[in-house]
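The following paragraphs lead the reader step by step through one protein structure. Please keep the sequence and the three-dimensional view at hand while reading.

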Amino acid sequence: MAVGRFAPSPTGDLHLGNLRTALVAWLFARSAGSSFLVRMEDLDRVQASADHERSQLADLAALGLDWDGEVVRQSERFDRYEAAIAQLDAAGLTYPCSCTRREIREAASAPHGDPVPDGAYPGTCRDLTDAERRAQAASGRPLALRLRGPGTTVTVHDDLLGEVSALVDDVVLRRNDGVPAYNLAVVVDDAAQGVEQVVRADDLASSAPRQRHLAELLGLPPVAYAHVPLVLGPTGQRLAKRDGAVTLADQQRLGRTPPDVCGVLAHSLGLLAAPEPCTPAELVAAFDPARLARTPWQLTAPDLAPTCP
């Protein structure tokens with residue numbers, strides 16, 4: 001048994017890619033006779049809303065996905081994240097950072113020194129002198145808080161992708177607006193909720209080594225990972241609203257019922273031989289992770305027909 005979860009950000013309607021990932025996460029948990037939790041990762045103070053949360057929960061229920069217990073919201077758990085940050089700070093593993101995203105890009109691409117992998121923090125603020133720290137604090141620039149990462153590659157096993165390796169750099173723990181960062185919050189929440197398996201889209205696979213390292217530093221149990229290949233739009237890019245009928249409501253306006261959509265999603269995952277109407281409950285008994293597709297699913301124009309002339 002492995003407790004699973006689905007943790008969307010309530011910043012808009014769920015699209016077919018989100019629903020597909022939720023279906024897989026639900027099937028992993030329910031086929032093992034385990035609990036399935038829903039958590040709202042609503043740290044985005046600008047776009048997250050209660051209306052989006054209600055819409056997302058309604059879509060999950062309409063598709064036939066249920067969950068155990070109350071829905072947890074990250075916006076209500078800042079005390080837990082700050083306690084974790086305090087633990088890392090007490091161990092001497094944090095430092096303030098005033099770098100903007102532009103400065104990080106420029107430093108990473110500078111034609112001198114050791115090369116920095118794409119997306120990795122180049123360590124600009126890591127080893128400032130005391131005088132430089134005082135100047136940094138007096139500058140008035142908002143400061144983020146970073147982890148003193150090992151700067152080494154960490155490898156985790158993924159049940160769908162195999163071995164996933166990534167550099168664990170100085171990841172942000174608290175953003176410069178005072179909000180705890182994603183990588184910290186998700187690690188703290190998964191441990192607090194007893195989550196044992198994280199099933200999510202494979203664009204987050206590179207975060208798994210960072211999160212495993214953070215969990216180890218905090219003395220938290222490791223989770224198992226299963227990253228599901230993305231859903232792509234007709235152009236081959238990641239599915240987006242501009243692609244057409246990408247939400248459950250869009251599909252229903254085209255005359256497709258939730259069982260129709262579930263069948264299409266199950267077929268795309270390799271769980272059905274044909275896209276026949278079904279419910280998640282009907283897929284549980286025969287669910288076999290070995291059958292899951294390992295490549296992205298690209299939707300075609302008929303799948304995403306416009307909802308109006």
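Helix α2, which comprises residues 50-63, is a convenient place to begin in this predicted model. Helix α2 lies across three strands, β1, β2 and β3, and runs at about 160° to β2.

These strands deserve a closer description. They make up an open sheet of 3 strands in the order β1-β2-β3, and their pairing is parallel. The edges of this sheet are β1 (4-6) and β3 (72-73), each of which pairs on one side only. Strand β2, formed by residues 36-40, is joined to β3 in the parallel sense over 2 bridges. Within this pair of strands, R39 stands opposite V72 of β3. In general, the strands of a sheet pair through backbone hydrogen bonds, and the pairing may be either parallel or antiparallel.

The antiparallel case can also be found in this structure. Another open sheet of 3 strands has the order β4-β5-β8, with antiparallel pairing. Its edge strands are β4 (94-97) and β8 (172-174), and each of them pairs on one side only. From one strand to the next, the twist averages 45°. Strand β5, residues 144-147, runs antiparallel to β8, and 2 bridges join the two. Here R146 stands opposite V172 in β8.

Attention may now turn to individual residues. R30 belongs to helix α1, which spans residues 16-31. Is R30 buried or exposed? Its relative accessible area is 19%, and because a residue under 20% counts as buried, R30 is classed as buried. What does the side chain of R30 contact through its polar atoms? It makes a polar contact of 2.8 Å with the side chain of D68. In addition, a polar atom of the R30 side chain lies 3.0 Å from the backbone oxygen of S34. When neighbours within four places in sequence are left aside, R30 is in contact with S35, F36, D66, W67, D68 and V284. Among these partners, F36 lies within strand β2, which covers residues 36-40.

A second residue for study is Q197, which is found in strand β9, residues 197-201. Q197 has a relative accessible area of 7% and is therefore buried as well. Which residues does Q197 touch, if those up to four places away in sequence are not counted? They are A2, V3, G4, R5, F28, D159, A224 and A226. Of these, G4 and R5 fall within β1 (4-6), an edge strand of the parallel sheet described above.

Methods. Residues numbered from 1 in each chain as written. Predicted model: local features only at pLDDT ≥ 70, side-chain atom pairs only at ≥ 80, totals over all residues. Heavy atoms only, no water. Pairing = 2+ DSSP bridges. Helix = DSSP H or I, 4+ residues; strand = E, 2+ residues; numbered from the N terminus. Contact = heavy atoms within 4.5 Å. Axes fitted to C-alpha atoms, helices over the stretch in contact; angles between N-to-C directions. Buried < 20%, exposed > 50% of the residue type's maximum accessible area, 1.4 Å probe, protein only. Polar contact = N/O pair within 3.5 Å; in protein donor to acceptor, adjacent residues only side chain to side chain.
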